[in-house]
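Reader: I would like to go through this structure with you. Could we begin with the inside and then turn to the empty spaces?

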Amino acid sequence: MLDNVKVVLVGTSHSGNIGSAARAMKVMGLKQMVLVDPQCEVDAQAIALAAGASDIALNAQIVTTLEQAVDDCGLVVGTSARSRTLEWPMLDPRECGEKFAQEGLHHKVAIVFGRERTGLTNEELQKCHYHVAIPANPEYSSLNLAMAVQTLCYEIRVAYLNQQQAQFAPASEVEYPRHHQLEMFYSHLEKVLLETQFISADKPGQVMNKLRRLFSRARPEEQELNILRGILTAVEKNQRDNQ
């Protein structure tokens with residue numbers, strides 16, 4: 001299961017944070033690091049702070065977009081403080097670890113960390129099924145990147161160890177669609193909604209953002225998503241026949 005966990009760092013600007021995150025990962029048995037549009041290189045400082053985990057930093061996959069990083073993942077969780085402007089299904093760290101332990105047995109899963117100063121953008125957060133917030137002291141909630149990585153990797157490992165100790169099979173072996181399948185569905189949905197004039201071309205995002213949130217909360221299974229795509233195709237055919 002641990003081999004299916006991706007730790008995704010977006011826009012990292014300090015190489016030392018890459019090394020420290022690699023160390024945090026290796027301590028918890030995680031190996032797959034993905035760097036999205038890094039603003040620094042894996043340099044001597046990164047290697048020094050990795051302290052024996054330099055193999056993870058040096059072998060990190062480097063991509064230009066978050067979509068590329070999570071394209072093959074069935075579960076994507078973004079780290080975020082609770083937002084008043086972007087309501088989204090939330091997990092606490094313990095719940096996050098348990099979901100990773102369950103779903104990581106069947107497909108790739110990703111935990112996504114944002115930029116050191118600004119975190120993840122709203123657009124990036126909308127690419128995630130869930131958001132996870134670390135319930136830090138509200139009077140001093142300053143966590144650096146490596147601390148956040150360590151905290152969530154620890155919860156993933158604890159859930160994994162509990163799973164191994166109990167020797168139980170997951171209650172559900174549901175096959176969830178991969179990220180790229182969901183994005184194809186959203187594109188298809190937006191196309192049909194535009195063609196039927198349900199949404200306007202000048203402001204499609206207002207409705208689409210709410211629909212993304214709805215489907216993220218619902219977590220449709222792969223077969224259910226195929227049914228939804230079939231409905232959209234039927235609507236398109238009916239539109240053409242009536243023209």
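Author: The answers below concern the cores, the pocket, the cavity and some single residues. This is a predicted model, in which local features need pLDDT of at least 70, side-chain atom pairs count only at pLDDT 80 or more, and totals for chains, interfaces and linings use all residues. Residues are numbered from 1 along each chain as its sequence is written, and side-chain values use heavy atoms, with hydrogens and water left out.

Reader: Which residues touch the most other members of the largest nonpolar core?

Author: They are M33 and V149, in a core of 39 residues. A nonpolar core is a set of buried Ala, Val, Leu, Ile, Met, Phe, Trp, Tyr and Cys residues joined through side-chain atoms within 4.5 Å. Buried means under 20% relative accessible area, exposed means over 50%, and partly exposed lies in between (1.4 Å probe, protein chains only).

Reader: Which helix gives the largest share of this core?

Author: Helix α7, residues 145-166, gives the largest share, with 8 residues. Helices (H or I, at least four residues) and strands (E, at least two) are DSSP runs, numbered from the N terminus.

Reader: And what does V149 touch?

Author: Not counting residues up to four places away in sequence, V149 touches V7, L9, A21, A24, M25 and F113; contact means heavy atoms within 4.5 Å. There is also a second, separate core of 15 residues, which includes V70, C73, L120 and L125.

Reader: Now the empty spaces: how much space lies in the largest pocket?

Author: The largest pocket holds about 620 Å³. On a 1 Å grid over the protein atoms alone, a pocket is an open set of points with protein on both sides within 12 Å along at least five of seven lines, while a cavity is a set of points where a 1.4 Å probe fits but cannot get out; lining residues have an atom within 4 Å of a point. Grid points are joined across faces, edges and corners, and a volume is the space filled by probe spheres set on the points. The pocket is lined by 24 residues, and T79, S80, A81, L143 and A148 are the closest to its centre.

Reader: Which helix contributes the largest share of that lining?

Author: Helix α7 does, with 3 residues. By class, the lining has 13 nonpolar, 8 polar and 3 charged residues.

Reader: What about the largest cavity: what is its volume?

Author: Its volume is about 110 Å³, and the count is 1 cavity of 30 Å³ or more. Of the 16 residues that line the largest cavity, H129, L182, Y186, F215 and S216 lie nearest its centre. Helix α8 gives the most to this lining, with 4 residues.

Reader: A change of topic: is H179 buried or exposed?

Author: H179 counts as buried because its relative accessibility is 3%. This residue is found in helix α8. Leaving aside neighbours within four places in sequence, H179 is in contact with E67, V70, D71, C73 and K127.

Reader: Where is K108 found, and why is it called partly exposed?

Author: K108 is found in strand β6, residues 108-113. K108 is called partly exposed because its relative accessible area is 23%. Beyond its neighbours within four places in sequence, K108 is in contact with D3, N4, Q32, D72, C73, G74 and L75. K108 and R178 are 70 residues apart in sequence and 8.8 Å apart in space, C-alpha to C-alpha.

Methods: Ala, Val, Leu, Ile, Met, Phe, Trp, Tyr, Cys and Pro count as nonpolar, Asp, Glu, Lys and Arg as charged, and the others, Gly among them, as polar.
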